[in-house]
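This report looks at how a protein meets a DNA strand and at the space enclosed within the protein.

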Protein chains: 2
Amino acid sequence: MRSYQQYCSVARALDVVGDRWVLLIVRELLALGPSRYSDLQRGLPGIATNLLVDRLRTMEADGLVVRREAPAPAGSHVYELTPRGRGLEDVLRALARWGVPSMPSGPAHDDAVQPQWTALFAALTLSRAMRPDAPLTLAIETGSESVVVTLGADGFAIERGSGGADVTLRGSASLVGGVLSGLLTVAEATRSGLVVEGRSDRLTAVLDHTLTQNGAAP
Amino acid sequence: MRSYQQYCSVARALDVVGDRWVLLIVRELLALGPSRYSDLQRGLPGIATNLLVDRLRTMEADGLVVRREAPAPAGSHVYELTPRGRGLEDVLRALARWGVPSMPSGPAHDDAVQPQWTALFAALTLSRAMRPDAPLTLAIETGSESVVVTLGADGFAIERGSGGADVTLRGSASLVGGVLSGLLTVAEATRSGLVVEGRSDRLTAVLDHTLTQNGAAP
DNA sequence: CCGCATCCGGGGCGATACTG
DNA sequence: CAGTATCGCCCCGGATGCGG
């Protein structure tokens, strides 16, 4: 991106992350951790292949990602966030929160829907409210795919699959998102077709804690 | 901006604020309040006139700004943030913080430098640490222009000029910014040429409070 | 002078095809 | 699987013009 040439930390930040797709690439890497090129393509429907490569190269030069040899047997390599790149978590959290009012309308007919996006929203907004001693695993199933989020006070992890979670949320992405953002209560969403399995009490406890935290502290 | 067409609140947010210059326009309106077209041009060196109009129209359609008749005698009109637009304060705060590591190098030879940018940084990062009963007015003089920031627990205000503030910071933007971001102590910056006048003790108290708040809270 | 509108050149971006 | 190459378009930047 062309620099704004302004000695302002906001402008400087945008010089690096203001380019199209950059923050969404960070989103994918933050959600799913070290990822291969094709994994990123899956999570970024609509991106052109040349742009994905371009962005990854630039982000590597800017110190946001590193390209490493893949672990274990795979002969390929993976892209991974650096600490500097992970520092964008606060930016993504702010954007994710600000974007909430545009979500209740539901996905347009040609919008892509992927569960790790909802999972990351949960991780970004709920992780801060976790008790240090009681992590929570949450399965999110929107459409045919599903992921499991592990929420802890010290961070989070998201993995594809649906292995034994404490709670499972199954239904349309807007219902699941509505519950996670506090716009809908679990009871309301259930009435609208959301399926909740497992320890729903633990989920509502975290949601309540998050809401009071945001409502009380200015 | 072309939509990402992803049902993700981050992508939705970027559909609205991801266009070039949009967040910097928000920065200017957040810093200086209702502004005329030419005021915005002053604060956004490098923007083309057609782009500024384009962005303002789009932002108006998206509900970020409103165009009002100018108050008092002026026959013109002003642009003002809506509550939705002001909601981007958290996004700007996160970006401003993330951009700090790119500031100590100082402005490049053709970088623009304007005091309200430094003032907004101070407002965004320090306002949260203010005691409810003790607002602080801070004059910032970098180069020939100067502004006064009023920091309160409930918000902030920035005005051009230099009328009687509690504290005055005069010097290069990187020294002033270094102190405000906590990278330099007042003593260190003073040794490097920063001039501090007035109640520097009240400034250091707020800075200390901010640092401990960010250092302690996870 | 302020607040735009118009025009034009260049580059970023999007879609597809192709290759090691 | 992980990119490279190509092409067309539209966004962006810079300049100029113009009405109130």
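## Contacts with DNA strand C

In this predicted model, a base nitrogen of DNA strand C lies 3.0 Å from an N or O atom in the side chain of A:Asn50, a polar contact in the sense of a pair of N or O atoms within 3.5 Å. The backbone of the strand is also approached, since a phosphate oxygen is 3.0 Å from an N or O atom in the side chain of A:Asp19, and a phosphate oxygen is 2.7 Å from such an atom of B:Arg2. Two or more residues of the surface near DNA strand C come from each of helix H4 (49–61) of chain A and helix H3 (37–43), helix H4 (49–61) and strand E2 (77–81) of chain B, helices (H or I, at least four residues) and strands (E, at least two) being DSSP runs numbered from the N terminus.

Altogether 21 residues surround the strand, with A:Arg20 and B:Thr49 among the closest, where near means a heavy atom within 4 Å. Of the strand atoms within 4 Å of the protein, 68% belong to sugar or phosphate.

## The cavity

The structure holds one cavity of 30 Å³ or more, and the largest cavity has a volume of about 200 Å³; a cavity is a set of points on a 1 Å grid over the protein atoms alone where a 1.4 Å probe fits but cannot get out, the volume being the space filled by probe spheres set on the points, which are joined across faces, edges and corners. Its lining comprises 24 residues, including A:Leu14 and B:Val17 near the centre, where lining residues have an atom within 4 Å of a point. H2(A) gives the most, with three residues.

## Basis

Residues are numbered from 1 along each chain as its sequence is written, while chains are lettered from A and ligands numbered from 1 in the order in which they are written. In this predicted model local features need pLDDT of at least 70, side-chain atom pairs count only at pLDDT 80 or more, and totals for chains, interfaces and linings use all residues, with side-chain values using heavy atoms and leaving out hydrogens and water.

Technical notes:
Polar contact = N/O pair within 3.5 Å; in protein donor to acceptor, adjacent residues only side chain to side chain. 1 Å grid on protein atoms, 1.4 Å probe; cavity = no way out; pocket = protein on both sides within 12 Å on 5 of 7 lines; lining within 4 Å.
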